[in-house]
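Me: I'd like to go through this fold with you piece by piece, strands and then pockets. Can you take my questions as they come?

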Amino acid sequence: MSSGKQPATKVSMYPVSAAIWRNETKDGKAFYSVTFERSYKDADGKWQSSDSFNDGDLLLLAKVADQAHSEVMKLRANDKQAQKGDE
């Protein structure tokens, strides 16, 4: 993200990774979104990333998506706990 905002957490299974972003609605309720990327070295040996996946990446993408879902559930549970503590 270009805003300089950091993800709440990341999940990775090289070369596929997910960044989990915490957002808030106007009334202050938290929700999470996830972005996925694939890392690779270009012809010059420089690291690049892409949001496009080939057939060999799909199983890893599914596994990373599953792990990202689990992380989002943990983050939401932590948000609920913090909200209960504030009451």
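Reply: Sure, and one definition before we start: two strands pair if DSSP finds at least two bridges between them. Keep in mind that this is a predicted model.

Me: Which residue in β3 does Arg22 stand opposite?

Reply: Start with Arg22 itself, which is in strand β2. β2 runs antiparallel to β3, and 9 bridges join them. The partner we want is 10 residues away from Arg22 in sequence, yet 4.7 Å away in space, C-alpha to C-alpha. Across from Arg22 in β3 is Tyr32.

Me: Is Arg22 buried, exposed or partly exposed?

Reply: The cut-offs are under 20% relative accessible area for buried and over 50% for exposed, with partly exposed in between. Arg22 has a relative accessible area of 32%. That value falls in the middle class, so Arg22 is partly exposed.

Me: How many residues of β2 are buried?

Reply: β2 spans 16-24, and the strand is mostly covered. Out of its 9 residues, the number buried is 7.

Me: In what order do the strands of the sheet come?

Reply: Let's build it from the pairs. β1 and β2 pair antiparallel over 5 bridges, and β2 is joined to β3 by 9 bridges. β3 then pairs with β4 in the antiparallel sense over 4 bridges. Put together, the 4 strands make an open sheet in the order β1-β2-β3-β4.

Me: Which strands stand at the edges, and why is one side of each left without a neighbour?

Reply: The sheet is open, with antiparallel pairing. Each edge strand has a single partner strand, so one of its sides has no neighbour in the sheet. The two edge strands are β1 and β4.

Me: By how many degrees are neighbouring strands turned against each other on average?

Reply: Direction is ignored for this one. Taken as an average over neighbouring strands of the sheet, the turn is 30°.

Me: Which residue is the bridge partner of Val16 in β3?

Reply: Some bridges between β1 and β2 help set the scene: Thr9 is partnered by Ile20, and Val11 by Ala18. Elsewhere in the sheet, Tyr40 stands opposite Gln48 in β4. For Val16, the bridge partner in β3 is Arg38.

Me: Which glycine takes a positive phi in the hairpin of β2 and β3?

Reply: The hairpin of β3 and β4 has 5 residues between the strands, and there Gly45 takes a positive phi near 80°. The hairpin of β2 and β3 also has 5 residues between its strands. In the β2 and β3 hairpin, phi is near 85° at Gly28.

Me: What residue does a cis peptide bond join to Tyr14?

Reply: Look at the hairpin that joins β1 to β2 through 2 residues. The loop between β1 (9-13) and β2 holds the residue you're after. Omega for the bond is about 5°, and the partner of Tyr14 is Pro15.

Me: Which residue forms an aromatic pair with Tyr14, and how are the rings arranged?

Reply: The model has 1 aromatic pair. Its rings lie 6.1 Å apart, centre to centre, with 80° between the planes. Planes over 60 degrees apart count as edge-to-face. So the arrangement is edge-to-face, and the partner of Tyr14 is Trp47.

Me: How many residues apart in sequence are the parts that this pair ties together, and are Tyr14 and Trp47 buried or exposed?

Reply: Both Tyr14 and Trp47 are exposed. Tyr14 lies in the loop between β1 and β2 while Trp47 is in strand β4 (residues 47-50), so the pair links parts whose separation in sequence is 33 residues.

Me: Which element gives the largest share of the lining of the largest pocket?

Reply: This pocket holds about 240 Å³ of space, and its lining includes Arg22, Glu24, Arg76 and Asp79. β2 and α1 (58-86) each give two or more residues to that lining. By class, the lining has 1 nonpolar, 2 polar and 7 charged residues. The largest share, 4 residues, comes from α1.

Me: And which strand gives the most to the lining of the second largest pocket?

Reply: Here the volume is about 150 Å³, and Trp21, Thr35 and Phe36 are among the lining residues. The lining divides into 5 nonpolar, 2 polar and 2 charged residues. β2 and β3 (30-41) each supply at least two of them. With 4 residues, the top contributor is β2.

Notes. Residues numbered from 1 in each chain as written. Predicted model: local features only at pLDDT ≥ 70, side-chain atom pairs only at ≥ 80, totals over all residues. Heavy atoms only, no water. 1 Å grid on protein atoms, 1.4 Å probe; cavity = no way out; pocket = protein on both sides within 12 Å on 5 of 7 lines; lining within 4 Å. Points joined across faces, edges and corners; volume = space filled by probe spheres on them. Nonpolar A, V, L, I, M, F, W, Y, C, P; charged D, E, K, R; others polar. Phe/Tyr/Trp six-rings, centres within 6.5 Å; stacked < 30°, edge-to-face > 60°. Buried < 20%, exposed > 50% of the residue type's maximum accessible area, 1.4 Å probe, protein only. Axes fitted to C-alpha atoms, helices over the stretch in contact; angles between N-to-C directions.
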